[in-house]
Amino acid sequence: MGSSQKQQHHKDTNCVRVRVRVRVHGPIIVGAGPSGLATSACLTQQGVPSIILEKSDCLASLWQHRTYDRLTLHLPKQFCELPLLGFPTSFPKYPTKRQFVSYLESYASHFSIQPRFNQAVMSAGYDNVSGFWRVETQDSEYISRWLIVATGENAEPVMPDIPGINKFDGSVVHTSSYKSGFEFKNQRVLVVGCGNSGMEVSLDLCRYNAIPHMVVRNTVHVLPREMFGISTFGIAMALAKWLPLRLVDKFLLLVANFILGNTDRIGLRRPKTGPIELKNVTGKTPVLDVGALSMIKSGKIKVMEGVKEITRNGAKFVDGQEKEIDSIILATGYKSNVPTWLKGCEFFDKDGMPRTPFPNGWKAEKGLYTVGFTRRGLQGTASDAVNIAKDIAQQWRPINNSSSCNSHVIQLKET
């Protein structure tokens, strides 16, 4: 694990709590999701030990606890592999949520990765005097030359401020708490958001005879998941190696209009910027259709304009319509939580994203690194992990060969 630690003792009668200070041989990684696991594995390959601090009681907690049951990977498995270990050949082209979690568990086992669970990072900061990072959890302080932020872009749900939502009599849930449409059987449901989650939740609701009213506040690109039996994403990546992104986008939209029809006619207006160029610039991912579009065309999914106000038993919309609603599902995405715990660091902006754009956003200064903030999915994560491990290994080897690298633990008493 790259650290040493003494057993701690304390007397409850004196109301004294022992706080353990852990000096870590290698880097501290915050987050045991795919990003943290990939980086730890790459460091192990380079011979560098590390410690992963994870606030929950399991790895990949977002995948295990905050995703809906019917979720499958939107991209073929070859685009979602972590470095050094691929998916089992027996897995389908688009692995399910359960299969992906089992892959991550096997990945951690293969590389002997043992995160320290239930270690919620309360604060982390760089000590200019010692030249080390200090990371505080509820019961320990970890110290290292290197800190790797692996909490990713999707650490916390985004909860929009919609006028009147507090007086709504029905249930209001974020998709992070949504599991199945069974809970909303035969209900009129307002789904706020039309990204991949909003589309798939609306589709899932239809399977339980619910009537989803999906709010489309902005423009959105909808593409078929496959074109002529080939992954749309795979086609885009292949063409991007030879053609400018604008030509790739023109081709994708031409084929998409042929397969799906003109989505503007059903209330899904496309942005002026093409889907791949838009993703690279803003991080906004195009929707890959897995069946919701046909439900929209048939009228089973109602497309609504922006919400003006939530009432006690329904919603008023900007186009003047008013609908009675039984429940509201917020498919409003996630955000980074870095600003809540990383202190005194200007490398991240106010939204918790690296200020340095891809492909150089993985490295900051003073031994700080980031992984999983590329807005390029698991491929971006894999690239970051490999780069970080190589960079740290070059620094770690000479340090490890000197006597100054000896680890120790100091117990601090706090009243």
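Begin by selecting helix H6 (residues 245–260) together with helix H7 (residues 275–282), whose axes come within 7 Å and cross at roughly 130°. The model you have open is a predicted one. At that crossing angle the two helices H6 and H7 are therefore oblique to each other. To see where they touch, show the side chains of Leu245, Arg246, Asp249, Leu252 and Leu253 in H6, which meet Pro275, Ile276, Glu277 and Asn280 in H7. Sorted by class, this contact of H6 with H7 is made of 5 nonpolar, 1 polar and 3 charged residues.

Next, select helix H9 (residues 377–400), which has 24 residues and reaches 33 Å from its first C-alpha to its last, close to the 34 Å expected at 1.5 Å a residue. If you then centre the view on Ala393, you are at the centre of a kink of about 30° in H9. Ala393 is also one of the buried residues of H9, which include Leu378, Asp384, Ile388, Asp391 and Trp396. Add helix H1 (34–45), helix H3 (97–110), strand E7 (147–149) and strand E22 (368–370) to the display, and you have the elements against which the buried residues of H9 pack.

From helix H3, follow the chain into the loop between H3 and strand E4 (123–127), where Ser112 lies; Asn118 lies in the loop between H3 and E4 as well. Ser112 has a phi near 55°, a positive value in a residue other than glycine, and the phi of Asn118, also a residue other than glycine, is positive and near 55°. As for accessibility, Ser112 counts as exposed because its relative accessibility is 58%, whereas Asn118, with a relative accessible area of 44%, is partly exposed.

Now turn to the loop between strand E21 (334–335) and E22, and select Pro359 there. The peptide bond that joins Phe358 and Pro359 is cis, with omega at about 10°.

For the last stop, select Glu309, which is found in strand E17 (residues 307–310). With 24% relative accessibility, Glu309 counts as partly exposed. Which residues is Glu309 in contact with, leaving aside its neighbours within four places in sequence? Display Pro163, Lys167, Ala315 and Lys316, for these are the contacts of Glu309 once those neighbours are left out. To set Glu309 against another part of the chain, draw a C-alpha to C-alpha distance to Ser106: the two residues are 47 Å apart in space and 203 residues apart in sequence.

Definitions and conventions. Residues numbered from 1 in each chain as written. Predicted model: local features only at pLDDT ≥ 70, side-chain atom pairs only at ≥ 80, totals over all residues. Heavy atoms only, no water. Axes fitted to C-alpha atoms, helices over the stretch in contact; angles between N-to-C directions. Helix = DSSP H or I, 4+ residues; strand = E, 2+ residues; numbered from the N terminus. Parallel < 35°, antiparallel > 145°, perpendicular 65-115°, else oblique. Contact = heavy atoms within 4.5 Å. Nonpolar A, V, L, I, M, F, W, Y, C, P; charged D, E, K, R; others polar. Expected span 1.5 Å × (residues − 1). Bend = angle between axes of the 7 residues up to and from the residue. Buried < 20%, exposed > 50% of the residue type's maximum accessible area, 1.4 Å probe, protein only.
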